[in-house]
Amino acid sequence: MEQPKGVDWTVIILTCQYKDSVQVFQRELEVRQKREQIPAGTLLLAVEDPEKRVGSGGATLNALLVAAEHLSARAGFTVSPISQSEAFWLLLKHSKGRDFPFDDCGRAFTCLPVENPEAPVEALVCNLDCLLDIITHRLGPGSPPGVWVCSTDMLLSVPANPGISWDSFRGARVIALPGSPAYAQNHGVYLTDPQGLVLDIYYQGTEAEIQRCVRPDGRVPLVSGVVFFSVETAERLLATHVSPPLDACTYLDSADGTALNLGAEPLEDFLVGRPPELGQGDADVAGYLQSARAQLWRELRDQPLTMAYVSNGSYSYMTSSASEFLLSLTLPGAPGAQIVHSQVEEQQLLATGSSVVSCLLEGPVRLGPGSVLQHCHLQGPIHIGAGCLVTGLDTAHSKALHGRELRDLVLQGHHMWLHGSPGHAFTLVGRLDNWSFCFPPGNVPSPHIRAWDLWDPDTLPAEYCLPSARLFPVLHPSRELGPQDLLWMLDHQEDGGEALRAWRASWRLSWEQLQLCLDRAATLASRRDLFFRQALHKARHVLEARQDLSLRPLIWAAVREGCPGPLLATLDQVAAGAGDPGVAARALACVADVLGCMAEGRGGLRSGPAANPEWMQPFSYLECGDLAAGVEALAQERDKWLSRPALLVRAARHYEGAGQILIRQAVMSAQHFVSTEQVELPGPGQWVVAECPARVDFSGGWSDTPPLAYELGGAVLGLAVRVDGRRPIGARARRILEPELWLAVGPRQDEMTVKIVCRCLADLRDYCQPHAPGALLKAAFICAGIVHVHSELQLSEQLLRTFGGGFELHTWSELPHGSGLGTSSILAGTALAALQRAAGRVVGTEALIHAVLHLEQVLTTGGGWQDQVGGLMPGIKVGRSRAQLPLKVEVEEVTVPEGFVQKLNDHLLLVYTGKTRLARNLLQDVLRSWYARLPAVVQNAHSLVRQTEECAEGFRQGSLPLLGQCLTSYWEQKKLMAPGCEPLTVRRMMDVLAPHVHGQSLAGAGGGGFLYLLTKEPQQKEALEAVLAKTEGLGNYSIHLVEVDTQGLSLKLLGTEASTCCPFP
């Protein structure tokens, strides 16, 4: 099922308990907006709670007020903007950020072992990201305008379609998730009536209360921390901020120190059928607090509170238990370790049920079952046993772990800000340690540590507890600190007590004191830096190992977060050091992608010319095979083109041009399979005529296109066809006495519209410019070895010395330009065949297929091998190339049942759409997508090859319906490969023809040209002409008969025609 469209948020608010977090969290929201997780137009606000103990309801009220003021200012409103139509607000409450012992940035920014392969930008996934995705794409779609409020202190799982109905909704709605009655004893549960109206909320309720809430499935509806307020309810809530004493809940009245704490209850508690009771210890609370809570209840009590129960979701509160935290980050039943956004050299050392997130592990790093590594760059040998959490360690800390095995421990590195200076500290606790446990008198964490080491003399023994114990060194008088300053506690005798003395000499803080010094900005920056360090290793490995994994999300991440430089340097290194031209070409294509992303959609089209003179020196190095010098010169030139989008796009084009040079060199390897045989040289004036059918591709097109042809391996099923009974493509050549080359191109053999005379080598210099007049014919002379364009000998000398004169070459095609029937490649084949025979050589058809590949690279048009296979070889056949170099094409004839060819001829038609196929940029777009290894393109390319074999079986069976299905599927594959290849008029034509055909597809790459049909009834030309004639807006189309050609390339010598002078003006 397709994921519903996400909510287009008006504003997203993230609350912060402490002022020093506001800027940090604001940046984190903005980063997510750059990653396209949040709509571009959404207002983002990180809002500080007005007072440290304002309570959950007070924090919500204050955050909504701040958001309302920002929106009003932005839009010029003088009334509450929540009343505006289609306003969707999301409030994420970063509650209790400093009491979570396993992440310095709190529960919201705890990283999870999750990857999103469909995300446009690669990034770590935090709990905040998961909750944002759940509200945006699962719970939010379908809801009316209003305010969503979500806590961030829990892990949620919600199905793609939770089945929530919003019909006749008003008031507020809580989202409940299933849990066991036993789990509910430490959490909150809802009591509802049969219609879902919330009657009561029990927090850590009694067994009897919890039993009242049990549903028929034996589960109870847990308080999930997610609630939705309608516009009316939210407006009522906002209106209370101006009424004493509730005005003291917001920043407006917090400056004088009189901020009002409404208590721990969230706002939805004030919508149940009774006023919230004062909690334990509230007996002495001031009367104004009771008045405030009662007033809030009176304001909201007539707003119904309903519950939506998501029966197949899950909820898990993030407690301070290390065992529970480790369990939430690992999958004990998984087949192996979870490795997320990490590069691990020796993965076999990671035990099943372990988890590694955003790490670089070099050398032998062993990780036991149930253990978690996060944000670490470690160098082995290291042994971390079972039940451990290790975070925030870098290579400098690895040595402290050598030679010891950790087990059931939590070891963390922390970024600190201590008396105005940045620093590092480390904490070490046991997995089973109880954070609320008070040590009995005389019993402290280690027998060699005394109570006065940990607590002040005036601290009562009853207050001896782990959070207040000064265990953790933060400053040593003579050296930097490291994990070794705590690990000695595991074996204090190993150094004769030296570590204990160093520990006592250090300035130490308790866990509680340490939390006040944490540098969250440095922590998040360090995580981001490590993420990109491992990402560079990943990029190198993906390219060098030739993995079909897309690097584009990583490229977008580097660009969006302002650090493309290191990625460009890594790509340069890979390209320069590659021994495989395919690896180097892909690395250069990735550089082009980086530059294109840096342009951010500005600066013009990516596809375009790459002929700026400033880039010719780097290109010349590549042409000469000096890859390292070429890559270095490209990088030096690139640095001059980074200042604005237009230059970035042009630089990207030139990198793609550099990649084309490497592709060309790889395809040139097809020359290994080109051979000729000497035969009698025809006399001067004797014409050699080569004629060919066109081709129709039935399956597999694009897989024959380099580099897919030699990286993936290609397979294409094609038919040689006559159009209206004619073989429409041909060439003729003869020797002439004049030491010149006479070239002619035309639409028919007897009508030459372009005539060129080449009398010197300079006249041939534009052979590699495809749009130059006669460029294909000039390239044919060069590839046939008749002319050596870089020779020191003049053209006339070369011709006279070898052949005693020159040559005349004509080519023609009766098909319109951009037909999609393989004209240019087949034309190249006929030209080569005629020229070689006129020069006294014979080329076999399979050799000619490879010669055309070579010619098209010389011509710089690129292209694959399916066209010449389809037209030069007769009948129905499958061409294949393996995923290797040198590039070799092998052809297999497909045997069909007797009489099936005639049946096929009766049911096959060509429709010229009247649209000229503008495929100039299609090839570049497809190659760009392939080099990016976009998942859909890679999967589609494999499907093209696989379906070719299925299509061949359809021909062997003689099944028109099966072949029709192949055609229809093939057209969908073409559209996925090259989006935009289906003009609207063609789509209209195909829709009109659909009831009359088994299947249909545009020929070749699409975009225009010929449409070929497999009709349900035979001989349907006139009938379909009548159908199309009734349809308006189809343009200048025409329908043509088509039949399978069983001859392929034909070559014949005609009589001698005297030529005493140039027939061209």
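This short talk describes the fold, the nonpolar cores, the aromatic pairs and some strand pairings of one protein chain.

Good morning. The model on the screen is predicted. The protein chain has 1065 residues, of which 58% count as buried. Its secondary structure comprises 32 helices and 41 strands. If we take the contacts with a separation of 6 or more, residues 24 or more positions apart account for 70% of them. The exposed surface of the chain is about 43100 Å², and carbon and sulfur atoms supply 51% of that area.

I turn to the interior. In soluble globular proteins, nonpolar side chains tend to be buried together. Here the largest nonpolar core holds 184 residues, and those touching the most other members are Phe-698, Leu-717, Leu-719, Leu-741, Ile-786, Phe-807 and Phe-955. Which helix gives the most to this core? That is helix H17, residues 581-599, with 13 residues. Another core lies apart from this one; it has 53 residues, among them Leu-112, Cys-130, Ala-322 and Leu-393.

Let us look at one member of the largest core, Phe-807. Leaving aside residues up to four places away in sequence, Phe-807 touches Ile-736, Leu-741, Trp-742, Phe-781, Ile-786, Leu-799, Leu-835, Ala-838 and Ala-839, and also Arg-734, Arg-735 and Glu-740. Two of the residues just named, Leu-741 and Ile-786, are also listed among the core members that touch the most others.

Cys-130, which I named in the core of 53 residues, brings us to helix H3. Why is H3, residues 127-139, described as largely enclosed by the rest of the structure? Because ten of its 13 residues are buried. The buried residues of H3 include Leu-128, Cys-130, Leu-131, Leu-132, Ile-134, Ile-135 and Leu-139; Asn-127, Asp-129 and Thr-136 are buried as well.

A further buried polar residue is Gln-836, whose relative accessible area is 8%. Gln-836 is placed in helix H24, residues 823-838. Beyond residues up to four places away in sequence, Gln-836 touches Thr-676, Ala-784, Arg-841 and Val-843.

Next, the aromatic rings. A pair of aromatic rings is described by the distance of the centres and the angle of the planes. The structure holds 22 aromatic pairs. In one of them, Tyr-183 and Tyr-315 meet edge-to-face, with 6.4 Å centre to centre and 80° between the planes. Their positions in the chain are 132 residues apart: Tyr-183 belongs to helix H4, residues 181-184, and Tyr-315 to strand S11, residues 314-317. Are these two tyrosines buried or exposed? Tyr-183 is partly exposed, at a relative accessible area of 28%, whereas Tyr-315 is buried, at 13%.

A second pair is formed by Phe-698 and Tyr-1012. Their ring centres are 6.0 Å apart and their planes lie at 35°, so this pair is tilted. This pair too links distant parts of the chain, with Phe-698 in strand S28, residues 694-699, and Tyr-1012 in strand S39, residues 1010-1015, 314 residues apart. Phe-698 is buried, with a relative accessible area of 0%, and Tyr-1012 is buried, with a value of 0%.

Ring pairs also link Trp-148, Trp-166, Phe-169 and Phe-228 into a cluster. In addition, there are charges placed over rings. The charged end of Arg-215 sits over the ring of Tyr-309, at 4.0 Å from its centre. Arg-732 lies over the face of Trp-687, with 4.0 Å to the ring centre.

Tyr-1012 leads us to the strands. Which residue stands opposite Tyr-1012 in S39? It is Ser-1001. The strands S38 and S39 pair in the antiparallel sense over five bridges. Strand S38, residues 997-1002, is largely enclosed by the rest of the structure, because five of its six residues are buried.

Finally, a parallel example. Three strands form an open sheet in the order S13-S15-S18, with parallel pairing. The edge strands, each pairing on one side only, are S13, residues 343-344, and S18, residues 377-379. S13 is joined to strand S15, residues 360-362, by two bridges, and the two run parallel. Within that pairing, Gln-343 stands opposite Leu-360 in S15.

To close, I return to Phe-698: this residue is among those touching the most other members of the largest core, and its ring pairs with that of Tyr-1012. Thank you.

How values were computed: Residues are numbered from 1 along each chain as its sequence is written. Side-chain values use heavy atoms; hydrogens and water are left out. A nonpolar core is a set of buried Ala, Val, Leu, Ile, Met, Phe, Trp, Tyr and Cys residues joined through side-chain atoms within 4.5 Å. Buried means under 20% relative accessible area, exposed over 50%, partly exposed in between (1.4 Å probe, protein chains only). Helices (H or I, at least four residues) and strands (E, at least two) are DSSP runs, numbered from the N terminus. Contact means heavy atoms within 4.5 Å. Accessible areas come from the Shrake-Rupley method with a 1.4 Å probe; for residues, only the protein chains shown count as cover. Rings of Phe, Tyr and Trp (its six-membered ring) pair if their centres lie within 6.5 Å; planes under 30 degrees apart count as stacked, over 60 as edge-to-face and the rest as tilted. A charge sits over a ring if NZ of Lys or CZ of Arg is within 6 Å of the ring centre and within 35 degrees of the ring normal. Two strands pair if DSSP finds at least two bridges between them.
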